[in-house]
Amino acid sequence: MVSEVSRPYIDASVPVLREHGLTITRTFYRNMFEAHPELKNLFNMGNQASGVQQQSLASAVFAYAANIDNAAALAPVVRRIVHKHVSVGITAEHYPIVGQHLLGAIQEVLGDAATPQLLYAWREAYSELATALIDAENAMYASANIYPGQLRDMRVTEVRDESEDIKAFVLEPVDGLAAPAFKPGQYVSVSVNFDDGTTQLRQYSLSDAPNGRTLRISIKRERRDENKPEGLVSNWLHDNAGKGTVIRMTHPFGDFTPDTESTSPIVLLSAGVGITPMISALNHIALVNPNRPVLFAHATRDSSYHAHRADVSQAKKTMPDLRVVTFYEDGNDCDGVTTLAGRMLLSKLPGWPHDEANVYLCGPVEFMQEQWSALTKAGVSAARLHREVFGPELLNYLN
Ligand SMILES: Cc1cc2nc3c(=O)[nH]c(=O)nc-3n(C[C@H](O)[C@H](O)[C@H](O)COP(=O)(O)OP(=O)(O)OC[C@H]3O[C@@H](n4cnc5c(N)ncnc54)[C@H](O)[C@@H]3O)c2cc1C
Ligand code: HEM
């Protein structure tokens, strides 16, 4: 608990953070990377360039300030951060560096308004949050039996063009031991060393059921356009990873884990490359629970962008209660029954018992906002809604 003395300063910070949160975290990252350029290898510099990571840390700090006495509200936020931190290899030694530069940035941006009492209160709050994160992260490293940042060499055994812009890579451990166990929905961080000496890590959801021998990831090529450069890691993998290439990756982590074991109905809604965790869940349900009622709905641009069709066709053969609906935004190749023209609309999906089914969402932010809002308006309780964001979670964008 933050002390009684500090508490009012934290409370008073909420509107201040709301106003200055983004500037503070931008200043923080700039100063920290200047003092510790080696940390750039840990962070996703694509997220830094596009600004989403700054927003994410700002919203985490704000959520913490706003909910300082509400552990229940903070728990899912902390859980997501812990999984992400463990996936990229954060250790206790990193926390003082971040703490020093975060407090320094608060001071720099707020100027005279950053009184010694306010800074003391935030030092205390940061240290409390850091301790909670460090403890949970250490416990997770121990339970996975790995050291922080541990990478494993995995050899590509198969590459498959899944769609116009998605390739699936099947990988087996080079050490000849079993592939790691994981829960459908979890991701690995892939580490790529570039010719200029930099390293970057990116998360990829596992796109097949766990089998103990191989892992599969499916990667969308992030192309350049007039406003943005091409994505570093996805293009490198598309261009360089072929059969026989060895790729380094972390143990699987992630807190988005569709409940594949229960027998109650389940709804899996995805768009674009957001299909990956859903295919892992579907393939696992097909193995462990094929009679389960499953609604699998997917939205994509057109049939040439429709990935993992073979997995869904295979699942249909063994799952009598699987209902599949696909939406093609451009309207071509639609049969009007299982493939519908336009964007995914809740009103066009077959119904399901709202009080029995959990609903899982993954796709672009706009897709998730639309679905989340339609689902809650239709009476689906927030407790039954779960989402995965393929980037830093912007904590309050959906609420
Ligand atoms: C939990 C999780 C699971 C994921 N699962 C998958 C998955 O299964 N499959 C998948 O394909 N992806 C997945 N992702 C996304 C993946 O991790 C990468 O973010 C994605 O591959 C892009 O990485 P990149 O290195 O190619 O692009 P980056 O180089 O990281 O660039 C990302 C974006 O930022 C833009 N950008 C870069 N620099 C600038 C700049 N200066 N100004 C403006 N824009 C800029 C790029 O154009 C690009 O659109 C997942 C992400 C998370 C967090
Ligand atoms: C109390 C302290 C911290 C808080 C509140 C915090 C918060 C966050 C949040 C909200 C995310 C995004 C999670 C998501 O994907 O949704 C994140 C990711 C991350 N954090 Fe932290 N963090 C803290 C400490 C640290 C430290 C000490 C380091 C190490 C230098 C660190 C490095 C990272 C990295 C590398 C990522 C992944 C993001 C990326 O790839 O760019 N964090 N953190």
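These legends walk through close-up views of a predicted model.

**View 1. The iron atom of ligand 2 and its protein donor.**
Start with the metal: the iron atom of ligand 2 has a single donor from the protein, namely NE2 of H85, at 2.1 Å. To place this donor in the fold, follow helix 4, which spans residues 71-88 and contains H85.

**View 2. Polar contacts of ligand 1.**
Three residues are worth picking out here, each with an atom facing an oxygen atom of the ligand. The backbone of Q203 places an N or O atom 2.6 Å from an oxygen atom of ligand 1. For S234, an N or O atom of the side chain is 2.6 Å from a ligand 1 oxygen. R202 also takes part through its side chain, with a polar atom lying 2.8 Å from an oxygen atom of ligand 1. How much of ligand 1 does the protein cover? On its own the ligand has 970 Å² of accessible area, and the protein covers 85% of that.

**View 3. The shell around ligand 1.**
Stepping back from single contacts, we find 25 residues around ligand 1, of which Q203, Y204, P229, V233 and S234 come nearest. Which elements supply at least two residues each to this shell? They are helix 2 (45-50), strand 4 (199-205), strand 5 (215-220) and helix 7 (232-240). Strand 4 provides the largest share, with four residues. If you are thinking about the chemistry of the surroundings, the shell divides by class into ten nonpolar, nine polar and six charged residues.

**View 4. The second largest cavity.**
Now for some empty space: the model has six cavities of 30 Å³ or more. The second largest of them holds about 60 Å³, and its lining consists of S13, V16, L17, I24, I106, L110, L118 and W122. Helix 1 (7-35), helix 5 (94-110) and helix 6 (116-144) are the elements that give two or more residues to this lining. Which helix gives the most? That is helix 1, with four residues. By class, the lining of the second largest cavity has seven nonpolar residues, one polar residue and no charged ones.

Notes:
Residues are numbered from 1 along each chain as its sequence is written. Chains are lettered from A and ligands numbered from 1 in the order in which they are written. This is a predicted model: local features need pLDDT of at least 70, side-chain atom pairs count only at pLDDT 80 or more; totals for chains, interfaces and linings use all residues. Side-chain values use heavy atoms; hydrogens and water are left out. Donors are N, O and S atoms within 2.8 Å of the metal (3.2 Å for Na, K and Ca); water is not among the atoms, so sites may look incomplete. A residue is near a molecule or strand if one of its heavy atoms lies within 4 Å of it. A polar contact is a pair of N or O atoms within 3.5 Å; within protein, one must be able to donate a hydrogen and the other to accept it, and residues adjacent in sequence count only if both atoms are side-chain atoms. Accessible areas come from the Shrake-Rupley method with a 1.4 Å probe; for residues, only the protein chains shown count as cover. Ala, Val, Leu, Ile, Met, Phe, Trp, Tyr, Cys and Pro count as nonpolar, Asp, Glu, Lys and Arg as charged, and the others, Gly among them, as polar. On a 1 Å grid over the protein atoms alone, a cavity is a set of points where a 1.4 Å probe fits but cannot get out, and a pocket is an open set with protein on both sides within 12 Å along at least five of seven lines; lining residues have an atom within 4 Å of a point. Grid points are joined across faces, edges and corners, and a volume is the space filled by probe spheres set on the points.
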